[in-house]
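Student: I would like to learn how to read burial, strand pairing and side-chain contacts from a model. Can we go through them in turn?

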Amino acid sequence: DSVCADLFPRAKQILLPSDSEAEVPHLQELSKPSDLPPVGQFSQVYWPNQCKVIRDRIEHIDWIPTTPEPMYTPTGLEMMPPYQPPDKGTVVYLGEEANTASCFMYSQVRGLCPMKQVLHQKLDNTLIFEARFESGNLQKVVKVNDFEYQLTLRTDLYTSRHTQWYYFQVSNTQAGMPYRFTIVNFTKRNSLYKHGLRPLLYSEADAKKHNVGWRRTGNEIKYYKNNVGEGGHQYFSLTWTFQFPHDRDTCYFAHCYPYTYSNLQEYLVDISKDPEKSKFCKIRILCRSLAGNIVYVLTITNPPESGNDTKRKAVILTARVHPGETNSSWIMKGFLDYILGNSHKAQQLRDTFVFKVVPMLNPDGVIVGNHRCSLTGKDLNRKYKCKVKKCYPSIWYTRNMIRRVMEKRDIFLYCDIHGHNRKQNVFMYGCERKQQPKAPYLQPRAFPLLLSKNCPDKFSFPDCRFRVRKSKEGTGRVVMWKMGINNSYTLEASICGSKLGWRQSTHFDTKDLESIGQHFCDALLNYSVHNESYYLCLKEQEKVVRQQTKVKSEVLNSDLYWDS
């Protein structure tokens, strides 16, 4: 009956053992995965039974703005609407309490009945909301007045936490009217919405008439602590004003550019149908997720002339362990577009390395619109040390695949691609020992420094970190490093944009994100062949280390240090 219970219904957690095999009742009905995915067609998309979804598949066109879109500049006059209890307005959209089930079965996407919807009369100008589609997230909408709506996001399934990702549809629009949306149940004190991030808007009418896709929207943007609080918990609101471009349009809002599991499958089908790419890119099933969705693994390398490629080192790339970090999938797409291309550099990379790529580690979370977790209600990027195969299959099989690769060949580099919700720019986390190996290619700072040279307007080397924190010991980056992969990284890309060079205070678009994947390939090639740019980076790195050592020595010898 409390306000907080209204925002976050109590969840029945699924308790899982940490380091032993577990019997998970809802897995008993799953069929054994096959070795090969369906060629030239989509695999079924599987949902938890309690998720009621519409039959329509949502599709968006690709479009890039002609100039980078600027971040929002606060005026100091932004309003901070207070939280409105349900009895103060009209509930116009209500999703099911998707986080209260103690166990779940699985269904295909077709033929499910709808969630509770509010019906609208013909002359009613109330906006119609919808989020019962792949990757959609919206729990409840309260109409405050004709042009103001209060929104509540759904927490990650089987949790009462993790509200960040949103993606929903709005129809029955009126053009030119001053609407205000306020999302009221964020839990993070810090947000890029405080630093210029603007929501994304997609208009079906603009896509059809003008070939315009996702674009930034919003004025009077404010992220603030709201008047909801209970049991020591604090909640934060995001509010913005905007105008719809057309009457009776269907529009979408999103936290970042959506990239769904179906988008990935469509991309992989195109590769499998390409007679050239399919010669050096083999698509296989790594495993199936808890819901039965395929987790794909790609092996990319040119066929060796001698028939024996064991001398080639391996490069491992993974992405989308956190479903709401959709920008990681766009970076992965840029990487794959490059490495599967016919350029001389792409050929050289395929001649040099064997690439093992897992483009989507958490398909279940992506499908249901989670921000961070899988269907266990757990963060998979803290489970790389865990031995529970049935609960975290994609993580277990990825780690096992990497171990098998290490038995045949050296692994040159591992990288897990993420999005970051609190920092600008693109940067990397690495792992550094107190005493580094003498071999230059084992120095963890060299590759990020090369990458920063390739895209200085987006990638920030000063934002990179190489300390291994205890709280990160279960992450892919740290576990792979401890398994013996010296060049083990997390690549982080801001959900917002850049603070660097001519791109300062502008948002990243999908082309920017894809370019990061392409620059990654260029840096990898420079790193592997040790060309002139590589050695220049090493010299620069040595100079920086000497300066840092000198500063540290001066601080230690100063009176201020010993007095503090």
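Student: Why does helix α9 count as largely enclosed by the rest of the structure?

Tutor: Buried means under 20% relative accessible area, exposed over 50%, and partly exposed in between (1.4 Å probe, protein chains only). Helices (H or I, at least four residues) and strands (E, at least two) are DSSP runs, numbered from the N terminus. Helix α9 covers residues 446–454, and 7 of its 9 residues are buried, so the rest of the structure largely encloses it. Among the buried residues of α9 are Phe447, Pro448 and Leu449. This is a predicted model, where local features need pLDDT of at least 70 and side-chain atom pairs count only at pLDDT 80 or more, while totals for chains, interfaces and linings use all residues. Residues are numbered from 1 along each chain as its sequence is written, and side-chain values use heavy atoms, with hydrogens and water left out.

Student: Which strands pair with β16, and in what sense?

Tutor: Two strands pair if DSSP finds at least two bridges between them. Strand β16 pairs in the parallel sense with β17 (residues 353–358) over 6 bridges, and with β18 (residues 411–420) in the parallel sense over 6 bridges. Leu317 stands opposite Val357 in β17, and its bridge partner in β18 is Cys415.

Student: Is Thr126 buried or exposed?

Tutor: Thr126 has 5% relative accessibility, so it counts as buried. Thr126 sits in the loop between β3 (106–108) and β4 (128–130).

Student: Which side chains make polar contacts with the side chain of Thr126?

Tutor: A polar contact is a pair of N or O atoms within 3.5 Å; within protein, one must be able to donate a hydrogen and the other to accept it, and residues adjacent in sequence count only if both atoms are side-chain atoms. The side chain of Thr126 contacts that of Asp124 at 2.7 Å and that of Lys143 at 2.7 Å.
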